[in-house]
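Student: I have a structure in front of me, and I would like to learn how to read it. Could we go through it together with some questions?

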Amino acid sequence: MSIDEEHVTTLEDLKSDLAGRYRWTPSGGSSVDPAVVDADMAALDRDGYVIWPNLLSADECAEIREVVRPWLGHTGRNTFEGRRTQRIYSVLSRTRACDRLVDHPRVLAVLDRLLMPNYLLSALQAINILPGEAAQLAHHDDGFYPIPRPREPLAAATIWAIDDFTADNGATVVLPGSHRWGQGRPGPDDPAVPVVMPAGSCVFFVGTLWHGGGANTTSRGRLAVTAQYCQPWLRPMEAYTLSISKDIARAVSDDIRRMLGYSIHPPFVGAVDGLHPLRLLDIPPEG
Ligand SMILES: O=C(O)CCC(=O)C(=O)O
């Protein structure tokens, strides 16, 4: 329904796309075979996570390693960030090298089913777990939204292995099935599994899944890039509407632009002076 064509007569109408010029368009996830997405959704429903091997080539991983290396200067400010872990925040404002991870069709296809239209990017960070780092405190990524469990996930995350993830170099540790838990916390007897996967692979998990970075007992770092996403009616972790320049917003893909906040959660969430935020960028509407 377009506001030009129809009147809003019911509350249901307020949930539809009311934009006049910048209408909602399907994401790049629509290119993925629905049977493949069905299988991913079944794995997420059962385990809370799914592993996709080898989505990036060795050259793509090498490029990301090369690009982020100069920024890997400091270690974490507390044990959650990791005293022996290097984190790069706001990766999106620094480089375009990780964009293909953020808007990978396989990721978007699952997000299209899991979250509401116009879901947002919540964070894009690089995490390098150094030798000697201890296991991170187990947590679930939508835990800072104060809505009691059990519940549907309010967010989802990907962790991309840029180096091989092994059982002893800090591979993310997940607790299968813990996305269904109520208010309980993991104990020593709960089965925890390291996500062992070759460089270029990705683990996708729902925001309710308990997990943490693993201990690194090897002599080499473990580099990963993590992208997190949230419902369009929640406040993202990284404030992209404040930190991303208009030039970068113009340079990224339509899907990333939408996920940065250049989108409307109907009827009006995200509007700028009553108008669609895309008007700020002077990008012609599609179609
Ligand atoms: O680096 C990892 O494997 C997980 C990190 C994580 O879950 C976090 O910092 O929230």
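Tutor: Happily; what follows is a set of questions and answers about this model, which is a predicted one.

Student: Which residues make up domain 1 and which make up domain 2?

Tutor: Domain 2 is a single stretch in the assignment, covering 29-261. Domain 1 is written in two pieces, so look at two places in the sequence for that one. The ranges are 1-24 + 263-287 for domain 1 and 29-261 for domain 2.

Student: How many residues does each domain give to the contact between them?

Tutor: Begin with the centres of the two domains, which are 30 Å apart when taken over C-alpha atoms. On the side of domain 1 that touches domain 2 there are 7 nonpolar and 3 polar residues, with no charged ones. The contact takes 9 residues from domain 2 and 10 residues from domain 1.

Student: Let's look at a helix. Which residues of H2 are buried, and which exposed residues are on the face turned away from them?

Tutor: Helix H2 spans residues 58-68, and its buried residues are Cys-61, Ile-64 and Val-68. These residues cover an arc of only 60 degrees around the axis, so they sit on the same side of H2. The face turned away from that buried side carries the exposed residues Ala-58, Asp-59 and Glu-66.

Student: What covers the buried residues of H2?

Tutor: Look for strands over Cys-61, Ile-64 and Val-68, the buried residues of the helix. What covers them includes strand S2 (85-88), strand S3 (120-129) and strand S9 (222-230).

Student: How many residues of S9 are buried?

Tutor: Take the two faces of S9 one at a time. On one side Arg-222, Ala-224, Thr-226, Gln-228 and Cys-230 are buried, and on the other Leu-223, Val-225, Ala-227 and Tyr-229 are buried. S9 is therefore largely enclosed by the rest of the structure, and its buried count is 9 of the 9 residues.

Student: How many bridges join S9 to S3, and how many join S9 to S4?

Tutor: Strands of a sheet pair through backbone hydrogen bonds, either parallel or antiparallel. S3 and S9 run antiparallel, and Ile-127 stands opposite Ala-224 in S9. Strand S4 (residues 155-161) also runs antiparallel to S9. The bridges number 9 for S3 with S9 and 7 for S4 with S9.

Student: Which residue is the bridge partner of Ala-155 in S9?

Tutor: The C-alpha atom of Ala-155 is separated by 4.1 Å from that of a residue 75 places away along the chain. That residue lies in strand S9 and is buried, because 25 other C-beta atoms lie within 10 Å. Leaving aside neighbours within four places in sequence, its contacts include Tyr-119, Leu-154 and Pro-236. The bridge partner is Cys-230.

Student: What is the order of the strands in the open sheet of 3 strands?

Tutor: Start with the edge strands, S6 (193-194) and S8 (211-212), each of which pairs on one side only. Strand S5 (residues 173-174) pairs with S6 in the antiparallel sense over 2 bridges, and Val-173 has Pro-194 as its bridge partner in S6. The order is S6-S5-S8.

Student: How do the residues of the shell around the ligand divide into nonpolar, polar and charged?

Tutor: The ligand is surrounded by Ile-127, Gln-136, Ile-159, Thr-172, His-211, Gly-212, Gly-213 and Ala-224. Gly counts among the polar residues here. The shell divides into 3 nonpolar, 5 polar and no charged.

Student: Which peptide bonds are cis?

Tutor: Most residues other than glycine have a negative phi, and most peptide bonds are trans. Pro-150 is in the loop between S3 and S4, while Pro-267 is in the segment after helix H8 (254-260). Cis bonds include Arg-149 to Pro-150, with omega near -5 degrees, and Pro-266 to Pro-267, with omega about 5 degrees.

Student: Is Asp-273 buried or exposed?

Tutor: Asp-273 lies in the segment after H8 and has a positive phi near 55 degrees, although the residue is not a glycine. A residue with 12 or fewer other C-beta atoms within 10 Å counts as exposed. Asp-273 has 7, so the answer is exposed.

Terms used: Residues numbered from 1 in each chain as written. Predicted model: local features only at pLDDT ≥ 70, side-chain atom pairs only at ≥ 80, totals over all residues. Contact = placed C-beta atoms within 7 Å. Buried ≥ 20, exposed ≤ 12 C-beta atoms within 10 Å, placed from the backbone. Helix = DSSP H or I, 4+ residues; strand = E, 2+ residues; numbered from the N terminus. Arc of directions from axis to C-beta. Near = placed C-beta within 6 Å. Pairing = 2+ DSSP bridges.
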